[in-house]
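Open the model in your viewer and keep the selection tool at hand. We will go from stop to stop, with something to select at each one.

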Amino acid sequence: MLFRPGFSLDLDAVLGPLSRGSRSPNVARTEGGVTWLAANTADGAGTLALLRRTDGEIEAEAWGPGADRLLEGVPAMLGAHDDDSEFVAHHDVIATARRRNPGLRLGSTGRVWDALVLAVLEQKVTSAEALRSWGELCRWFGEQAPGPGPARLRVPPTPVAIRSIVDWKWHRAGVDLKRRTTLIAAARVAPRLEKAVELKGVEGRAWLRKVPGIGVWTAAEIAQRAWGDPDAVSFGDYNIPSMVGHALVGTKLDDAGMSEVLAPYSPQRQRAVRYLSTAGFRRPRFGPKIELRDYRAM
């Protein structure tokens, strides 16, 4: 299928939240500029390939039982349903970032489960630890992505697969008891959790938080991807308050301080954060280095 965006579109920026760099097991970019995504859908596993043509159209092709669902979701995933018309930049740095990134939109996959698994794995550990566990779970318990994509591309484990994992395999994947307990609890009610996409906003995030172990941070991370929630700030994050603070007021902030600084942007606070992160603002590199833990050695 071909999708012609009726708006400026930065494909890499819109798809960025779905990937964790070149080591993401379910997202890959190959020569020629093709982006591959492997995902679970209500119809089963599927693989989606996206290519931006020289005329600006997005060429999309999909494989597997979930192919039709993935193709139907392309416009929303690329931000066609996003609306920033009422966004007002209250800081010059955000106004500049917005002006320099006219193609940034908040995309929505319309699916909770895959985002939930990765978000839970990222709880209270470093990105490297989480990505290591994510990759191993996808390789061991996710299936090979349908279609002609890269050989390393894997569909994330389904709720059934998550419930089948025995303790020693969780341990081998480096997933501690708290995170595995949350994932198993979510897997038991996975179909019901997809209702959050219909509820959206505060209600959608509250629906996700009915699962023990899913708090404000995790619900926000899921909401940002599943329905492109423009107000779902990841409170509780190690990096974001500091990044926002140094970008907007020139000093490190905690969650309370970040909440105060971002208050004028409600109900589009996460959009403001995305403008800052896409513009390249990062938490200053100082302070003690976080020690990587390997739960398999414990």
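A search across the whole structure, which is a predicted model, turns up 14 salt bridges. To see one of them, select Arg29 and Asp12: the two form a salt bridge, and their closest N and O atoms are 3.2 Å apart. Now show the backbone as well. Arg29 sits in strand β2 (residues 27-30) and Asp12 in helix α1 (residues 11-15), so this pair, 17 residues apart, links distant parts of the chain. Side chains of opposite charge can pair when their charged atoms come close.

**Next stop: two enclosed spaces**

How many cavities of 30 Å³ or more does the structure hold? There are 2. The largest cavity has a volume of about 240 Å³. To find it, select Leu18, Asn26, Thr109, Asp114 and Ala115, which lie nearest its centre among the 18 residues of the lining. Which helix gives the most to this lining? Colour α5, which supplies 4 residues. β3, α5 and α13 (216-226) each bring at least two residues to the lining of the largest cavity. By class, that lining has 10 nonpolar, 2 polar and 6 charged residues.

The second largest cavity holds about 30 Å³ of space. Select Leu48, Leu70, Gly73, Val74, Met77, Ser108, Thr109 and Arg111 to see its lining. These residues divide into 4 nonpolar, 3 polar and 1 charged. Leave Thr109 highlighted for a moment: Thr109 lies nearest the centre of the largest cavity along with four other residues, and Thr109 also lines the second largest cavity.

**Then: an open pocket**

Keep Arg111 selected and add Asn40, Thr41, Ala42 and Glu194. These residues lie nearest the centre of the second largest pocket, which is lined by 24 residues. The elements that give two or more residues to this lining are β3 (34-41), β4 (44-52), α2 (67-72), α5 (113-121), α7 (159-164), α10 (190-193) and α11 (195-199). Try colouring each of them in turn. The second largest pocket has a volume of about 510 Å³, and its lining is made up of 10 nonpolar, 7 polar and 7 charged residues.

**A crossing of helices**

Hide the pocket and show helix α14 (residues 240-248) together with helix α16 (residues 269-278). At what angle do α14 and α16 pack? The angle is about 80 degrees, and the axes are 11 Å apart. An angle from 65 to 115 degrees counts as roughly perpendicular, and α14 and α16 are therefore roughly perpendicular to each other.

Now bring up the side chains where the two helices meet. From α14, select Ile240, Met243, Val244, Ala247 and Leu248; from α16, select Val273, Leu276 and Ser277. The residues of this contact divide into 7 nonpolar, 1 polar and no charged.

**Last stop: two backbone details**

Stay by α16 and move to the loop between α15 (255-262) and α16, where Pro267 is found. What kind of peptide bond joins Ser266 and Pro267? The bond is cis, with omega at about 10 degrees.

For the final selection, go to the loop between α5 and α6 (127-141) and pick Lys124. Although Lys124 is not a glycine, it has a positive phi of about 60 degrees.

Note on methods
Residues numbered from 1 in each chain as written. Predicted model: local features only at pLDDT ≥ 70, side-chain atom pairs only at ≥ 80, totals over all residues. Heavy atoms only, no water. 1 Å grid on protein atoms, 1.4 Å probe; cavity = no way out; pocket = protein on both sides within 12 Å on 5 of 7 lines; lining within 4 Å. Points joined across faces, edges and corners; volume = space filled by probe spheres on them. Nonpolar A, V, L, I, M, F, W, Y, C, P; charged D, E, K, R; others polar. Axes fitted to C-alpha atoms, helices over the stretch in contact; angles between N-to-C directions. Parallel < 35°, antiparallel > 145°, perpendicular 65-115°, else oblique. Contact = heavy atoms within 4.5 Å. Salt bridge = Lys/Arg side-chain N within 4 Å of Asp/Glu carboxyl O.
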